[in-house]
Amino acid sequence: MIPTPPRPPIFGETLESLTATLAAWSEPAFRAKQIMDWLYKKRAVAWDDMSNLPKALRARLAEHFDIAPARCVLVKDASDVTDKLLLELHDRSLVETVVIRAPQEGVGQEHSRKTICISTQVGCAYGCRFCASGLAGWKRDLSAGEIVAQLIQVCLREDATTPRAREELASFDNIVVMGMGEPLANYDNLLRALAIANAPWGLGFGARRVTISTSGLVPEIKRLADERLGFRLAISLHGATNEVREQIMPINRKYPLEQLVPAARYFAERHGRMITLEYILIEEVNDSLEQADHLAAIAGELHAHVNAIPYNTVEGLPWKRPSITRQNAFVDALRQRGISVTIRREKGHDIAAACGQLRLKVEKDGKIEPAPARARALVASTAP
Ligand code: SAH
Ligand code: SF4
């Protein structure tokens, strides 16, 4: 039997592309806007929900487009601040999407600030030595529709689970592209997805509330800077000299610091905004005071904020998180040099930073089909 080719996800369509498809079907242009309204403003989950579309059109749309490209097969509530969703795609690939809640003083849980951490690839080709996402290599890029579908999945789940005083749809405050994969290696699909998230007919989500994290793809950082789209940039530095950085990040051989730092400066100058340097603290690898000194010099030159992240241990990898004393000494050394630095200690943030681990565990230990409960049990057995 010849397998049916997958239908493209409807969430990868722009108003323009959908209008063109409908025109080719001799449908009036206003139908495209109606469909977008159903998807993004009313959160339809099935074509038949779209009651103001003719039945024949609904059938044709169903034949051509996938309205459910990502199925949520597992949710791990890592703590009261983080939920990790494991999504299954049409080819059974698994990706992770994380919701991080930052409760706000004096208001209930439903008013906490919500950040969604999205994935851009299945696996990752860059092979950073400390990272679970890169362990099994790169499998494929996510399509724009699969990236948008992650946001939709989170919203649908929030709609269903969050108690709300009024009949309003769930939304979120920030998007961080820090999940599985290297976002700038899937540049076109990522930008198309973010354009859909940004569009008034889409999620209407402001570019300045989106942060893209990269391991340092120099040409793409410059390209993104030139597009001046307003997204924020975070660079995964993790080593403040070439010698230390290339031990843990193979990409540093291709784009060493003498190329990466000027590219980051170019981005900051074009945008007039502070960039963030992500720095995982790994014991005896990159957490010496000498590295702190070099890091302070780079951050000072770039006027960048440093986000220090205590390493989250990955099963099968030798790296360790430094003691609190060592973490504090590192951070204090940066502060003494006048660098703006935060250290992420909350459990939820650790889990978000270590995207890729849930998928790795589930794929290694067993298939999730047919019973998601099996995966749930597997993950529960490894819960911290
Ligand atoms: N590929 C991109 C984005 C995904 S990784 C990048 O590398 O920036 C998102 C962040 O999580 C990166 O800063 C990455 O270095 C960090 N990370 C990966 N594994 C981690 C771990 N085990 N503990 C803490 N942070 C980790
Ligand atoms: Fe890929 Fe980022 Fe993990 Fe490196 S840290 S392997 S670039 S996902």
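**Entry 1. The chain as a whole**

By contact I mean heavy atoms within 4.5 Å. With that settled, I looked up how far apart in sequence the contacting residues are. Residues 24 or more positions apart account for 66% of the contacts in the protein chain with a separation of 6 or more. I note here that the model is predicted.

I then listed the secondary structure, and the protein chain has 14 helices and 12 strands. I also looked up burial: 54% of the 384 residues of the protein chain count as buried.

**Entry 2. The largest nonpolar core**

I turned to the largest nonpolar core, which has 106 residues. Which of them touch the most other members? They are Y40, I275 and L277. Helix α4, residues 144-161, gives the most to this core, namely 8 residues. I wanted to know where the core sits with respect to the domains. It lies between domain 1 (10-64) and domain 2 (71-382), because both give residues to it.

I followed Y40 further and left aside its neighbours within four places in sequence. Y40 is in contact with F11, V148, I152, I196, W201, G202 and L203.

**Entry 3. Cysteines**

How many disulfides does a search of the whole structure find? It finds 0. I looked at two cysteines for their accessibility. C72 has 31% relative accessibility, so C72 counts as partly exposed. C131 has 22%, so C131 counts as partly exposed too. The cut-off for buried is under 20% relative accessible area.

**Entry 4. The surroundings of ligand 2**

C131 came up again when I listed the residues around ligand 2. The others in the list are C124, Y126, G127, C128, F130, S133, G134, G181, E182 and S215. I sorted this shell by class and got 5 nonpolar, 5 polar and 1 charged residues.

I picked S215 from the shell for a closer look. S215 lies in the loop between β8 (210-214) and α6 (218-227). Is S215 buried or exposed? S215 has 7% relative accessibility, so S215 counts as buried. Not counting residues up to four places away in sequence, S215 touches Y126, E182, S236, R245, M249 and I251. Of these, Y126 and E182 are also among the residues around ligand 2.

**Entry 5. T214 and S236**

I moved to T214, which is found in strand β8. T214 is buried, since its relative accessible area is 1%. T214 and S236 are 22 residues apart along the chain, yet their C-alpha atoms are separated by 6.0 Å. S236 is also one of the residues that T214 touches. Not counting residues up to four places away in sequence, the others are E182, L184, I221, L233, A234 and I235. I had already met E182 and S236 as contacts of S215.

**Entry 6. Two residues with positive phi**

I looked up backbone angles next. R92 is not a glycine, but R92 has a positive phi of about 75°. I found R92 in the loop between β2 (82-88) and β3 (94-102).

H238 is not a glycine either, and H238 has a positive phi of about 60°. Where does H238 lie? H238 lies in the loop between β9 (232-236) and α7 (242-248). H238 has a relative accessible area of 4%, so H238 is buried.

**Entry 7. V75 and L85**

V75 is in strand β1, residues 71-79. The relative accessible area of V75 is 26%, so V75 is partly exposed. V75 and L85 are 10 residues apart in sequence, and the C-alpha to C-alpha distance is 4.6 Å. Leaving aside its neighbours within four places in sequence, V75 is in contact with D83, K84, L85 and R157.

I placed these partners where I could. Strand β2 runs over 82-88, and helix α4 covers residues 144-161.

**Entry 8. A296 and L334**

My last residue is A296, in helix α10 (residues 289-302). Is A296 buried or exposed? A296 counts as buried because its relative accessibility is 3%. A296 and L334 are 38 residues apart along the chain, and 5.7 Å separates their C-alpha atoms. I listed the contacts of A296, leaving aside neighbours within four places in sequence: L334, R337 and I339.

Definitions and conventions: Residues numbered from 1 in each chain as written. Chains lettered and ligands numbered in written order. Predicted model: local features only at pLDDT ≥ 70, side-chain atom pairs only at ≥ 80, totals over all residues. Heavy atoms only, no water. Core = buried A, V, L, I, M, F, W, Y, C linked by side-chain atoms within 4.5 Å. Buried < 20%, exposed > 50% of the residue type's maximum accessible area, 1.4 Å probe, protein only. Helix = DSSP H or I, 4+ residues; strand = E, 2+ residues; numbered from the N terminus. Domains from an automatic or database assignment. Disulfide = S-S within 2.5 Å. Near = heavy atom within 4 Å. Nonpolar A, V, L, I, M, F, W, Y, C, P; charged D, E, K, R; others polar.
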